[in-house]
Amino acid sequence: MGLLYVLSSFFGQAELYAQTAGESSGSLGRALDIFWNYTAFSSVNYKYLLMICVGLFFIYLAIRYNYEPLLLVPIGTGIIIGNIPIMEGFQIGIYEDGSVLNYLYFGVLKGIYPPLIFLGIGAMTDFSSLISNPRLMLLGAAAQIGVFGTFIGAMALGFEIHEAGAISIIGGADGPTAIFASSKLAPHLIGSIAIAAYSYMALVPVIQPPIMNLLVSKKERLIKMKPPRAVSKLEKILFPLIGLILTLFISPSALPLLGMLFFGNLLKESGVTNRLAETARTSLIDIITIVLGLTVGASTQAVRLLEDPVTGEMVNKGFLTSGSIKIFVLGAVSFAVATAGGLLFAKIMNLFLKEGNKVNPLIGAAGVSAVPDSARVVQHEGLKADPSNHLLMHAMAPNVSGVIGSAVAAGIMMSFLM
Amino acid sequence: MTFLINVENWEWSDIFTITLVGYSVVFLVLVLLIYVYKLMPVVLNYKKRKSVELGGAKMKGTEAHYVAGEVNAAIAMSLILYFNEQHDDESNVITIKRVARTYSPWSSKIYSVNNVLR
């Protein structure tokens, strides 16, 4: 970069020299000067470079540690793309009308992609463990304390009420739901909220185990749960239909998310629409994940100077603001609160359950809806305490009910604030 | 449309109301689902029992058709092991297939440049 600066200075001098030598040489210098202004080097500053480092870090985490690679690689690449300083007016940037990235970003802004992701999740999720032991759904509900706790926290930190509502959904640990809610409540915060939600989802294996160690005793970790009963095909078909009608009658605002989730599951379980289910859980969700990840990443432009409608001054509405840092702090706290909420509720449940019916409190941590990562973490922690205690199938029940719970919570938040 | 709170001039009591009502509704939805899903197998088994009884036979409880998840897992595992073993039944005779080629002078050693007389 320094070399290019020197070259630019050199060409600047050459232009002066050329002016004396003749007009043809002068035009060469001017052309090089214009070219320099077109390049990203001419307007780069440390904020862009910092964001590019963040993007590279995401890619590193995905490749080196395998943390949610399907999300972090597109988002990380998107962050790099979004933070290449460009000259506006050429329909290139994500915020420029008519640019390719702008068209793709439309699906994020209007909340189109999250319901399609939910369709794919519904088509790939087996709800058998939840149907066989429905009481574990309570853990998914308990973990939603992260959402409502974050709402109070965001209000206390001075966010506007719609912004606080959008930020609160990070506590549900559900990326698509967080994007959907913020597209409706606070579209200008989509980038920060999505990055925070997906970052903490990717860091589930790092965040949750210390909280589990803190709140669950060695004796409680050894609790073995009854194996789930076999679930009939008819029950599996009725599950999405009942869930669809019941949840949406109570929380209609969650219709795009829960409607698609249960629709996807019906495609899977009906047994007569295998082609559609296959497409929804493979090609469709993959395409949407690529476009969503890339555009959300690209929306994190470090500097975005916009005119303040009140004062008329140019204000930075980009990603690197104190607001984004507050959102990241709130996200970390809400994730910890949601995990603790699930764990503590499982312990409370055990007070009322008979011996032999008790639940292993570790599965409470799966109440956050990071599917299936938090269930995997529970399985891993359970095996550490007792190598013969497999908790994965039990943890999947609160995990998928967390998805339903966070979508309901987002619906409620939208119905209160929109 | 009426809103629960005034979004411009809110008070902390409004925020706690949203929190409390919202959290309660999430619980309400999931508790309702729990009851419905708990009721579902009871209703389905009742219908099944009824049809068996109408056919003349008597069914003792729900255990008659109950297959534990562990049993299913064991059956599935044994099937996987069985099918995985299938491809190992080979003759273990390695053969080289001889390919007959028609004679062509273009690649013949007889016409090679190194084929000097001794």
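**The two largest pockets of a predicted model**

In this predicted model, the largest pocket has a lining of 36 residues, and those nearest its centre are Glu68(A), Leu70(A), Val371(A), Pro372(A) and Asp373(A).

Me: What makes a residue part of the lining of the largest pocket?
Reply: A lining residue has an atom within 4 Å of a point of the pocket, and 36 residues line the largest pocket, Glu68(A) and Asp373(A) among them.

Me: How do you know which helix gives the most to the lining of the largest pocket?
Reply: Helices H4, H6, H12, H13, H17, H19 and H20 of chain A each supply at least two residues of that lining, and H19(A), with six residues, gives the most.

Me: Why is Leu70(A) counted as nonpolar, and Glu68(A) as charged?
Reply: Leu belongs to the nonpolar types and Glu to the charged ones, so Leu70(A) and Glu68(A) are counted accordingly; over the lining of the largest pocket, the division is 23 nonpolar, five polar and eight charged residues.

Me: What is the volume of the largest pocket, and what is that of the second largest pocket?
Reply: The largest pocket holds about 980 Å³ of space, while for the second largest pocket the volume is about 530 Å³.

Me: Why is Gly318(A), which lies among the residues nearest the centre of the second largest pocket, called polar?
Reply: Gly is placed among the polar types, and therefore Gly318(A) is called polar; the 23 residues lining this pocket divide into nine nonpolar, eleven polar and three charged, and H12(A) gives the most to that lining, with three residues.

Conventions:
Residues numbered from 1 in each chain as written. Chains lettered and ligands numbered in written order. Predicted model: local features only at pLDDT ≥ 70, side-chain atom pairs only at ≥ 80, totals over all residues. Heavy atoms only, no water. 1 Å grid on protein atoms, 1.4 Å probe; cavity = no way out; pocket = protein on both sides within 12 Å on 5 of 7 lines; lining within 4 Å. Points joined across faces, edges and corners; volume = space filled by probe spheres on them. Helix = DSSP H or I, 4+ residues; strand = E, 2+ residues; numbered from the N terminus.
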